[in-house]
Amino acid sequence: MHCATARISSIVTAVLLAAPTAVVFDTVRAGDNQSNPGRLLAGYAAAWTLFTAAIGAVRKAPARAATALVLAGSAAVALAT
């Protein structure tokens with residue numbers, strides 16, 4: 001894989017892994033489903049949509065970078081909840 005293509009792919013993957021983390025963090029902090037119905041469902045739907053896009057992007061990233069990004073992304077989501 002060309003160096004510039006690998007770098008761009010890694011950056012896109014990092015952004016797509018950071019976006020669901022931010023959405024999950026915001027959704028969890030927004031409150032329960034009783035006070036704001038629909039917010040929880042919409043937040044998690046957005047997070048899963050972004051996660052699906054990240055799966056497609058991580059397949060194009062170099063293996064070493066993809067491994068590090070997936071581990072960092074999973075740790076970030078775990079900390080966000």
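**Exercise 1. Identify the partner of Asp26 in a salt bridge and give the separation of the closest N and O atoms.**

*Solution.* Step 1: apply the criterion, namely a side-chain nitrogen of Lys or Arg within 4 Å of a carboxyl oxygen of Asp or Glu. Step 2: Asp26 meets this criterion with Arg39, whose closest N and O atoms lie 2.2 Å apart in the pair. Step 3: the count by this rule is 1 salt bridge. Step 4: Asp26 belongs to helix H1 and Arg39 to helix H2, so the pair ties together parts that are 13 residues apart in sequence. Helices here are DSSP runs (H or I, at least four residues), numbered from the N terminus.

The model is predicted: local features need pLDDT of at least 70, side-chain atom pairs count only at pLDDT 80 or more, and totals for chains, interfaces and linings use all residues. Residues are numbered from 1 along each chain as its sequence is written, and side-chain values use heavy atoms, with hydrogens and water left out.

**Exercise 2. State whether Asp26 is buried, partly exposed or exposed, and do the same for Arg39.**

*Solution.* Step 1: buried means under 20% relative accessible area, exposed over 50%, and partly exposed in between (1.4 Å probe, protein chains only). Step 2: Asp26 has a relative accessible area of 42% and is partly exposed. Step 3: Arg39, at 26%, is also partly exposed. Step 4: for the chain, 25% of the 81 residues count as buried.

**Exercise 3. Describe how H1 and H2 pack.**

*Solution.* Step 1: H1 covers residues 3-29 and H2 residues 39-58; their axes are 9 Å apart, at an angle of about 165°. Axes are lines fitted to C-alpha atoms, for helices over the stretch in contact, and angles run from 0 to 180 degrees between N-to-C directions. Step 2: this angle makes H1 roughly antiparallel to H2 (over 145 degrees; under 35 counts as roughly parallel). Step 3: the contact (heavy atoms within 4.5 Å) includes Leu16, Val23 and Asp26 of H1 and Arg39, Leu50 and Phe51 of H2.

**Exercise 4. Describe how H1 and H3 pack.**

*Solution.* Step 1: the axes of H1 and H3 (residues 63-80) come within 9 Å and cross at roughly 10°. Step 2: H1 is therefore roughly parallel to H3. Step 3: among the residues that meet are Leu17, Val24 and Phe25 in H1 and Leu69, Val70 and Val77 in H3.

**Exercise 5. Give the secondary-structure pattern of the chain.**

*Solution.* Step 1: the chain has 3 helices and 0 strands (strands are DSSP runs of E, at least two residues). Step 2: along the sequence the pattern reads α-α-α.

Terms used: Parallel < 35°, antiparallel > 145°, perpendicular 65-115°, else oblique.
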